[in-house]
Amino acid sequence: MSVSVSTTSADSSGVVLIDIPVVRPDDLGCLLQLPCRPESAFAARQLVSIALTAWSAEELGGVARLLVSELVANAVRHTGCTRLSVSVTRRKATVWVGVRDSSGVLPCRTDPTCEAESGYGLGLVEALSSRWGVAWVPHGKWVWFELRTVKA
């Protein structure tokens, strides 16, 4: 079993340097640790794209990038975390994507009004994924979704 892992660091000017891992076709998963900031959604989308391309599952890319962006945005906006992790794992008939934060608070799916500018994220995750959920871990949780592969 092979898993690619990467972390972030800051240069002397405080600019965050993100090293997106290389994902090979035989890797089962990849993990990226990021600062809990809005711009981390970009790196999360890149990781998802790289993994799906390596696994010949590019057809899932648009939905997977949208949903991981929503999960990162929720972690940044609602948890108060300083770091988050993004994981992409290949399974037999699905791809699992999760965002880990340090909060013990359960995410809450809302039904926003038509005029609302936010509050749609988990509704999108629920509507567009095969399934989604929360996995509790020491000092936090993974909020995750799965997408069925076409080959399933």
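Me: Is S56 buried or exposed, or somewhere in between?
Reply: In this predicted model, S56 is partly exposed, with a relative accessible area of 43%.

Me: Where does S56 sit in the chain?
Reply: S56 is in the loop between α1 and α2, just after α1.

Me: And what about the phi of S56?
Reply: That phi is positive, about 55 degrees, although S56 is not a glycine.

Me: Which other residue that isn't glycine has a positive phi?
Reply: H139 does, with a phi near 65 degrees. You'll find H139 in the loop between β7 and β8. H139 is exposed, at a relative accessible area of 70%.

Me: Back to α1. How many residues does it have, and how far does it reach?
Reply: Helix α1 runs over residues 40-54, so to speak a run of 15 residues. From first C-alpha to last it reaches 21 Å, close to the 21 Å expected at 1.5 Å a residue.

Me: Which residues of α1 are buried?
Reply: In α1 the buried ones are S40, A41, A43, A44, L47, V48, A51, L52 and A54.

Me: Where do those lie around the axis?
Reply: They cover an arc of only 165 degrees around the axis, which puts them on the same side of α1.

Me: Why would residues three or four places apart point the same way?
Reply: Because an α-helix has 3.6 residues a turn.

Me: OK, now α3. Which residues are buried there?
Reply: Helix α3 spans residues 121-128, and its buried residues are G121, L122 and V125. Looking down the axis of α3, these fall within an arc of 95 degrees, so they line one face of the helix.

Me: What covers them?
Reply: The cover for the buried residues of α3 includes α2 (61-78), β7 (131-137) and β8 (140-148).

Me: What about L128, buried or exposed?
Reply: In between: L128 is in helix α3, and at 39% relative accessibility it counts as partly exposed. L128 also helps make a nonpolar surface patch of about 200 Å², together with V63 and L66.

Me: Switching to charges. How many salt bridges are there?
Reply: A search of the whole structure finds 6.

Me: Which partners does E146 have?
Reply: One salt bridge is with R91, where the closest N and O atoms are 2.7 Å apart. That pair links distant parts of the chain, with E146 in strand β8 and R91 in the loop between β5 (83-90) and β6 (94-101), 55 residues apart. E146 also forms a salt bridge with R131, again with closest N and O atoms 2.7 Å apart. Here E146 in strand β8 is linked to R131 in strand β7, 15 residues away.

Me: Are those residues buried or exposed?
Reply: E146 counts as buried, at 6% relative accessibility. R91 is partly exposed at 40%, and R131 is partly exposed too, with a relative accessible area of 47%.

Me: What does D27 pair with?
Reply: D27 forms a salt bridge with R24, and the closest N and O atoms there are 3.1 Å apart. D27 is buried, at 0% relative accessibility, whereas R24 is partly exposed at 39%.

Me: Which residues are in the network with them?
Reply: R24, D26 and D27 are linked in a network of salt bridges.

Conventions. Residues are numbered from 1 along each chain as its sequence is written. This is a predicted model: local features need pLDDT of at least 70, side-chain atom pairs count only at pLDDT 80 or more; totals for chains, interfaces and linings use all residues. Side-chain values use heavy atoms; hydrogens and water are left out. Buried means under 20% relative accessible area, exposed over 50%, partly exposed in between (1.4 Å probe, protein chains only). Helices (H or I, at least four residues) and strands (E, at least two) are DSSP runs, numbered from the N terminus. The arc is that of the directions from the helix axis to the C-beta atoms. Contact means heavy atoms within 4.5 Å. A salt bridge is a side-chain nitrogen of Lys or Arg within 4 Å of a carboxyl oxygen of Asp or Glu. Patches are made of residues with over 30% relative accessible area and no salt bridge: like charges are joined within 9 Å, nonpolar side chains (Val, Leu, Ile, Met, Phe, Trp, Tyr) within 5 Å. Accessible areas come from the Shrake-Rupley method with a 1.4 Å probe; for residues, only the protein chains shown count as cover. The expected span of a helix is 1.5 Å times one less than its number of residues.
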